[in-house]
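Work through the following exercises with the sequence and the model open beside you, and try each task before reading its solution.

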Amino acid sequence: MTVHTLIPPRPTTASGCGDDAVLRERGQREVFCGLTSIVWLHRKMQDAFFLVVGSRTCAHLIQSAAGVMIFAEPRFATAIMEERDLAGLTDANDELDRVVGRLIARRPDIRLLFLVGSCPSEVIKLDLHRAAQRLDKSFAPRVRVLNYSGSGIETTFTEGEDAALAALVPHMPAAPRDAAPSLLVAGTLADVVEDQFRRLFADLGIADVGFLPAQRLADLPSVGPATRVLLAQPFLRDTAKALEERGASLLSAPLPVGAEGTTRWLQAAATAFHVPRERFQNVTSAGNARAELAVRRHRAALAGRRVFLFPDSQIEIPVARFLARELGMEIVEVGTPYLHRTHMAAELDLLPAGTAISEGQDVERQLDRCRRAAPDLVVCGLGLANPLEAEGIATKWSIELIFTPIQGYEQAGDLAELFARPLARRQKLAV
Amino acid sequence: MQLTLWTYEGPPHVGAMRIATAMEGLHYVLHAPQGDTYADLLFTMIERRDRRPPVTYTTFQARDLGGDTAGLFQDACRAAYERFKPEAMIVGASCTAELIQDDPGGLATTLGLPIPVIALELPAYQKKENWGASETLYRLVRGLARPRSADHVRGPRPSCNILGPTALGFRHRDDLLEIQRLLETIGVAVNVVAPLGARPSDIARLGDADFNVVLYPEIADAAARYLEKAFGQPAVRTVPIGVGATRDFIAEVTRVAGIAPLTAEAGSRLPWYSRSVDSTYLTGKRVFVFGDGPHAVAAARVATTELAFDLVGIGTYSREFAREVRAVAAAHGIEALITDDYLDVEEQIAALRPELILGTQMERHIAKRLGIPCAVISSPVHVQDFPARHSPQMGFEGANVLFDTWVHPLMMGLEEHLLHMFRDDFEFNDRSGSHLGKAPAPVASAAAAVEPAPSVVPTTTRWDEGAERELRKIPFFVRGKARRNTERFALERGIATITLDTLYDAKAHFGR
């Protein structure tokens, strides 16, 4: 039962929609800026602190996106610029030094400090790269200080993680010249998912596996020409480029979303590391079967249903592929804030031919299209969800696709359930 | 630069959004970078609004900055007008757009739209949310309100405008209903409520009323002052939170409206509940108050004069109301905490060890961490502050709500006596206890383990066996406090080992 479900190597037919026209729109974009990714990055990177150099808006955004204030002193903060910081950049730098000094004195547990650029800091051209170099020197070796931009003018939501990881890449240790091939998994995964993948790779016989980001700065994996990179997230354009500049090579694979995606993703690594076919099947068949079973439970509720995905995190295309192929849903439109054709190549091949893809956004026009299409389910951000529900349209919050573990075999059923729940709920409600 | 972990207020353009979202037929075009649309979810998620805020954002990106951002803004204005056909438009910039100096007001005016366009200048690097709301309402009133028209027919009753309730306001929806009922009882007609539910055409006829009721001074005082000056409309400024303040409010309204004084206290239960014997145990409970200026001032009055609590601390994040809050503090012989630094507030609460915190959602988190009962009295708001049931803070029903929500977190009176009486009973142990006497939530303690809050009192003293045994006899819900107080007492006196005597010396020292 399981062996025949294992996927063949990359399809050679011209199915999929890799070459189809994409609707490109420029208008109001109802998306978060890159600062938002601090919300999960700071949980993953346990000795890192994220200091946004920005405005009250930046602080308010992160606070609103983080939702609950569980932590008395979170490992993120905003240095809110005030009138006098705008007047003179020298003063702004002095102020920044003062704020960072106070912060580091207060948090002796911090090993890595990110100065995170924002829209206002970018517009006034506050050079956070130089500031980070200056501060890095003065706090070495106890604290490393790096910078990246999470500004809305340069990054959309998850691209903030891309920028943070790209800033880390130059500081990854160099793999020895004669190193054996190693695997690097890039993109934040929930710890539980990371552990599952570690076990699978170990069972496949791939011994040297690193994860970026690491929980601690000291555990940053090494990188070099023998490094093979698997992307665990779809939004890592700059990180992938930076890793390639360090000599690493990128493996082409769909993302580990759903049973099929996970198997193909693992297969890409297995092929690169010459894992015998039989061993691959032995290692993956149980997980694959469990995932298929768990997904199948939700198929009846979702098959044939029409789904419309608004752009949010760039995970939309992999998720649409999963919904179409494993749950039999019909994709009305799949929006993505940015379409990286190379990274998405394997995904686009798997999408049903003719799937409508949109890149960028004009939210009002997209809402018009959505209402006209009257889908059974809309995947969208929190700003749109309740208004659409009030219009009678079932919605799924797209942010859950980032905040909850969805990757890997053991999460495939949970992922399917995320989409089944809003529909099941509407069936139960009689008010 | 100000190092900020958590903020009490958003930027001023969020204040403007609270006005626009409260109203009908008004559209806000905001020059803002990609990402600033996050503010929509404050309204759709926290307040569960069924419509998107009436806001169009330019959401410019870096690639637009080299080009024509001014053109982008004008396109957005035109498209918003065409799509939404508003009666009036407000235009402005968020913090980043302020830096690129495109002059949204000027740009929108040159479009020649056939509706009033009101430009907002909200300096994002100096001002905050409430100021932004106040300024926006003031600009709208200034731009749209007309004096009483010549053909205006006066009704049989005096009339007023109710000014201040907004979207995302703390209990504004319910307060408004309560005050409308109260004014109806008194015999005062309501001409316009603004901004909540008002159209620009309603703002235009504010001048028809005899006077204004300023329900939320942090939002409506500037507009009311303008109306006073321009149209000679007096303003009622008593904030009717609590029984006493509601009585004062009625007295002020009747005086300004020129009608006979009256009492209208049907359904007011707080006075009797507070005098009933079960409430005896509330006497002298040590309370800490923090919130926006008007809510903090009102809470202090209710807490001390209507529940007989002791005010041990008071503060506000609204610098605009520092004077009023300091005056209340001085009357209670304490010093006010005027700050928007969350860590300062936490530090003061930890030092004062109140028995009840009346604060915002931020203090609720502090309270959870410190294991102190808490009730929320003010913005910033949380989804819980928009309950399904009617739950006002204002008027007599509001006072009833205050009694319930402030008293329930505390141990019930008779129950407390029983717990003391049976504290040595074999069935009274740490596992059983009151339904109310909860240890800090596990989430909070787990979080504290990951992110230790700064310890206020370092423990370098030890307990001897007898004292430790005695401590265990103290009911679990006050044991933590007894332990902390005793350790503080010992530390301050350089006592290395806490004995039975130290424990009771400390009890005598801290006891009232």
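**Exercise 1. Describe the surface and the overall make-up of chain B.**

Begin with the surface: chain B has an accessible surface of about 21,100 Å², and 53% of this belongs to carbon and sulfur atoms (areas from the Shrake-Rupley method with a 1.4 Å probe, where for residues only the protein chains shown count as cover). This is a predicted model, in which local features need pLDDT of at least 70 and side-chain atom pairs count only at pLDDT 80 or more, while totals for chains, interfaces and linings use all residues. Residues are numbered from 1 along each chain as its sequence is written, chains are lettered from A and ligands numbered from 1 in the order in which they are written, and side-chain values use heavy atoms, with hydrogens and water left out.

Next, take the secondary structure, which comes to 22 helices and 16 strands in chain B (DSSP runs numbered from the N terminus, helices being H or I with at least four residues and strands E with at least two). Finally, of the 512 residues of chain B, 59% count as buried (under 20% relative accessible area, with a 1.4 Å probe and protein chains only).

**Exercise 2. Explain why strand β6 of chain B is largely enclosed by the rest of the structure.**

First, find residues 159–163 of chain B, which form β6(B); five of the five are buried, so the strand is largely enclosed. Then look at the directions: in a regular strand the side chains alternate between the two faces of the sheet. In β6(B), S159(B), N161(B) and L163(B) point one way, whereas C160(B) and I162(B) point the other way, and all are buried.

**Exercise 3. Place β6(B) in its sheet by finding which strands it is joined to.**

On one hand, β6(B) runs parallel to β7(B) (residues 189–194), to which five bridges join it, and N161(B) has V192(B) as its bridge partner there. On the other, four bridges join β6(B) to the parallel strand β8(B) (residues 211–214), where L163(B) has V214(B) as its partner. Two strands count as paired if DSSP finds at least two bridges between them. The result is an open sheet of four strands with parallel pairing, in the order β7-β6-β8-β9 of chain B. Its edge strands, β7 and β9 (235–236) of chain B, each pair on one side only.

Definitions and conventions. Buried means under 20% relative accessible area, exposed over 50%, partly exposed in between (1.4 Å probe, protein chains only).
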